[in-house]
Amino acid sequence: MQWLRVRYAKRGRARFTSHRDFGRAFERALRRAGVPMAYSSGFSPHPRISYPNASPTGAASEAEYLEIGLAAPCDPAKVRAALGAALPQGLDVVEVAVGRPGALADELTVSRWQVDLAGLSTATLQAAREAFLTRDAIFVQRMTKNGMREFDARPAVLRLEVEDGRLTMILAHGTPLVRPDDVLDGIRTTSPELVLTEAPILTRLAQGRLDPESGAITEPGHPDPGGEVRRESKL
């Protein structure tokens, strides 16, 4: 069985696609593209697809990853072209590569996010950033399938910057997974004068491993700043 790693993007209106909706669309695209999928065993076989760390509904992304298991070897470039033609507009396949040993989730330890905020000056955002970073703990709440949950969002924020009237942040992946909207809730807690007149636009720019010195994020299967080739993955 061959494993392929797929990097895809959610752009435009497709950012409102839920994880479940994307899964259905992707499985339809696999069938339309004629990709020879491997299936699990048991009473109800399902295609071998792994989705680590999907972005929240409403967030755009340039760096979503999944893995697929194939029943027969295929050329990754041909799989990319076939899937690109079969997926709906806004769900775009960026890269397809052969997987290597190791779990893909282990290579996705941080994300870089861009948060566009309309109507706020750079000075206002800078003041809010400084107020947030001076705190050691910032508790926020989020509704989950098990009810309302409170957690500390501050430790996950490795970097927070203001650039051209927007926020950029690097968030560590942990449990619970802190999202950029959680960070915005924390910022509003520490800067109650911050008023959002429009819904923020969240975009994941990259996922991978963080080089703490340079701030660069090494994506799965790409050389890190020191020259080491990070493992791609296989289930």
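How much area does the protein expose, and what share of it do carbon and sulfur atoms supply? The exposed area is about 11,900 Å², and carbon and sulfur atoms supply 49% of it; accessible areas come from the Shrake-Rupley method with a 1.4 Å probe, and for residues only the protein chains shown count as cover.

Before I continue, a word on the basis of these values. This is a predicted model, in which local features need pLDDT of at least 70 and side-chain atom pairs count only at pLDDT 80 or more, while totals for chains, interfaces and linings use all residues. Residues are numbered from 1 along each chain as its sequence is written, and side-chain values use heavy atoms, with hydrogens and water left out.

I begin with the overall form. The C-alpha trace spans about 55 × 40 × 35 Å along its principal axes. The radius of gyration is 19 Å, which agrees with the value near 18 Å for a compact globule of 235 residues; this radius is taken over C-alpha atoms, and the globule rule is 2.2 Å times the number of residues to the power 0.38. The secondary structure comprises five helices and eleven strands, where helices (H or I, at least four residues) and strands (E, at least two) are DSSP runs numbered from the N terminus.

Buried residues account for 45% of the 235; buried means under 20% relative accessible area, exposed over 50%, and partly exposed in between, with a 1.4 Å probe and protein chains only. Of the contacts (heavy atoms within 4.5 Å) between residues at least 6 apart in sequence, 70% join residues at least 24 apart.

I turn now to the interior. A nonpolar core is a set of buried Ala, Val, Leu, Ile, Met, Phe, Trp, Tyr and Cys residues joined through side-chain atoms within 4.5 Å. The largest such core has 25 residues, of which Leu167, Met169, Val183 and Ile187 touch the most other members. Strands E5 (110-116), E8 (157-163) and E9 (166-172), together with helices H4 (122-133) and H5 (180-190), each supply at least two residues of this core. A second, separate core of 22 residues includes Met37, Leu66, Leu83 and Val93.

Leu167 repays a closer look. Leaving aside neighbours within four places in sequence, its contacts include Trp113, Val115, Leu160, Val162, Leu184 and Ile187.

Which residues does Ala128 touch, not counting those up to four places away in sequence? They are Ile187, Thr190, Ser191 and Leu194. Ala128 lies in helix H4 and counts as buried because its relative accessibility is 4%. Its C-alpha is 8.1 Å from that of Arg188, although the two are 60 residues apart in sequence.

Pro200 sits in the loop between H5 and strand E10 (201-210). At 28% relative accessibility, Pro200 is partly exposed. Beyond four places in sequence, Pro200 touches Val115, Asp116, Leu117 and Leu184. The C-alpha atoms of Pro200 and Arg188 are separated by 13 Å, at twelve residues apart along the chain.

Finally, the backbone of the loops. Thr175 and Pro176 are joined by a cis peptide bond, with omega about -5 degrees; Pro176 belongs to the loop between E9 and H5. Asp164, in the loop between E8 and E9, has a positive phi near 55 degrees without being a glycine. Asp164 is exposed, at 74% relative accessibility. Asn53, also not a glycine, has a positive phi of about 60 degrees, and is placed in the loop between strands E2 (49-50) and E3 (60-70).
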